[in-house]
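Colleague: Hi! I'm new to this one, so could you walk me through it?
Modeller: Happy to. Have a look at it first, then ask away.

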Amino acid sequence: MSRLPDLRLTGALTLVGETLEDAPLTLAEGRIAEGPAREVDLSGYWLLPGIVDLHGDGFERHVRPRPSAPFPKPGALASADAELAVNGITTAFLAQSWSWEGGARSADEAEELIAAVAEARGRLMADIRVQIRYETHLLEDHDRLLAAVRQHGVEYVVFNDHLPEALMLAERRPDRFAVWAGSNGHTAESLLATVQAAAAEGPQVPDALARLSARLAAEGVRLGSHDDGSAETRAFFRGLGARVCEFPTSRAAAEAARAAGEPVLMGAPNAVRGGSQAGNVAAMELIEDGLCDALVSDYYYPALAQAVWAVTDQRAAGFGAAWGLVSTRAAGVLGMADRGRLAPGLRADLVVMNPATRRVEGTVAQGRLTHLAGALGGRFVAAGLDRALAAE
């Protein structure tokens, strides 16, 4: 995909730090630049840093629209990429489980996705990467995980433990457990046997995870944990070097992370809907109390931009600070210093927002126009960019 010609976007309010300012923005060679260029009048719009999504599994609906109907990965990734663009997401980590659950969360599925993303990278509009969510009690796959990390440069792994949920579901809601089993190609009996076998590995898990974490760290992998339920759980994963606290289910876990200087990630759908679908701590509560560093899409990509407006409407933060939760601060969690802000020399990743409708009308990823909608298209035509782009 060709980059835009050198442009100077004028008339819009640009997010500088946490303040919307009347500041023209020049794009050149895929970067934010300075100086003159062909002008496009964007009066009435806001220019915002592109959204950095550190955890999203909405792509699964493109890979498997139905649990029993998987589609080829290349086409599914292209479709997911288009959805990211429409929602202003310019960097996306696809949260792929590597679990004893099988099916969409099997080791085979994880390896296929990692390979497909690596192969498609030059054709994708967003900077798409893979986050592996690795089940703590899956001890026999450590070497296999390391091999995948080395082969494809996976840079982000989080640990999670779904065994308590599975055992509770099997005991209290066997009907739902059977549905879960069937969606991943199991019978209820075979999945329960798998769960019980994994649970029996419990005494070996701490030492095995310590060895795995050291090997992953040696490969430069950033580590985190998912669904920490207590300060003690957070301390355990901290001891492994897993410093990112993703979706803490209790306030105590979030407070423990904050006290240790560790970033806390919460789901944007939680903020939009006014609470957790599972009855865990509310994202808005943590945002209001300064205990949330970044919001992620979780299972619904549109929730990221929507959550910013929800935070602003509830006066939990001003718009600039709220947008930072999905851009500047999100990029900072993984040390991505080349994005998340609109400053000279950084990647030209930006969102053109219509504040009157609250719609993302334009998305630019590394200087490439990936989404254009609404009246914004008329501005580009007026500037002659339709002819310039056709010439490209």
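Colleague: Let's start with Thr14. Is Thr14 buried or exposed?
Modeller: Thr14 counts as buried, because its relative accessibility is 2% and the cut-off for buried is under 20%. Keep in mind that this is a predicted model.

Colleague: Good to know. Where is the place of Thr14?
Modeller: Thr14 is part of strand β2, which covers residues 13-16.

Colleague: And what does Thr14 touch?
Modeller: Leaving aside residues up to four places away in sequence, Thr14 touches Thr19, Leu20, Glu21, Ala23, Leu25, Leu47 and Leu342. With Ala23 there is also a polar link: a polar atom of the Thr14 side chain lies 2.7 Å from the backbone oxygen of Ala23.

Colleague: Changing topic: I see a sheet. What is the order of its 8 strands?
Modeller: The order is β8-β9-β10-β11-β12-β13-β14-β15, in an open sheet with parallel pairing.

Colleague: Which strands stand at the edges?
Modeller: Those are β8 (51-56) and β15 (294-296). Each has a single partner strand, so one side of each has no neighbour in the sheet. From one strand to the next, the twist averages 25°.

Colleague: Can you zoom in on one pairing there?
Modeller: Sure, take β10 and β11 (residues 156-160), which pair in the parallel sense over 5 bridges. Within that pairing, Arg133 has Val158 of β11 as its bridge partner.

Colleague: What lies across β9 and β10?
Modeller: That's helix α3, running at about 155° to β9.

Colleague: Now α2. How many residues does helix α2 have?
Modeller: Helix α2 has 14 residues, 73-86. From first C-alpha to last it reaches 20 Å, close to the 20 Å expected at 1.5 Å a residue. After α2 comes Gly88, with a positive phi near 80°.

Colleague: Which residues of α2 are buried?
Modeller: Lys73, Ala76, Leu77, Ala80, Asp81, Leu84 and Ala85 are the buried ones.

Colleague: And what covers the buried residues of α2?
Modeller: The cover includes helices α1 (60-63) and α3 (107-120), along with strands β9 (89-98), β10 (127-135), β17 (359-365) and β18 (368-372).

Colleague: You mentioned β17. How many of its 7 residues are buried?
Modeller: In β17, 6 of the 7 residues are buried, so the strand is largely enclosed by the rest of the structure.

Colleague: Which way do β16 and β17 run, parallel or antiparallel?
Modeller: Strand β16 (residues 350-354) and β17 run antiparallel, joined by 5 bridges. Leu350 stands opposite Val364 of β17. The two strands form a hairpin with 4 residues between them, and Arg358 in the turn has a positive phi of about 65°.

Colleague: And how many bridges pair β17 with β18?
Modeller: There are 4, in the antiparallel sense, with Thr363 opposite His371 in β18. This hairpin has 2 residues between its strands, and Gln366 in the turn has a positive phi of about 50°.

Colleague: Last topic: aromatics. How many aromatic pairs are there?
Modeller: The count comes to 10 aromatic pairs. One of them is Phe319 with Trp323, a stacked pair at 5.9 Å centre to centre with 20° between the planes.

Colleague: How many residues apart are Phe319 and Trp323?
Modeller: They are 4 residues apart in helix α14 (residues 319-324), which means about one helical turn separates them. Phe319 is buried at a relative accessible area of 10%, and Trp323 is buried at 0%.

Colleague: Which residues form an aromatic cluster with them?
Modeller: Trp46 and Trp309 join Phe319 and Trp323 in one aromatic cluster.

How values were computed: Residues numbered from 1 in each chain as written. Predicted model: local features only at pLDDT ≥ 70, side-chain atom pairs only at ≥ 80, totals over all residues. Heavy atoms only, no water. Phe/Tyr/Trp six-rings, centres within 6.5 Å; stacked < 30°, edge-to-face > 60°. Buried < 20%, exposed > 50% of the residue type's maximum accessible area, 1.4 Å probe, protein only. Expected span 1.5 Å × (residues − 1). Contact = heavy atoms within 4.5 Å. Polar contact = N/O pair within 3.5 Å; in protein donor to acceptor, adjacent residues only side chain to side chain. Pairing = 2+ DSSP bridges. Axes fitted to C-alpha atoms, helices over the stretch in contact; angles between N-to-C directions.
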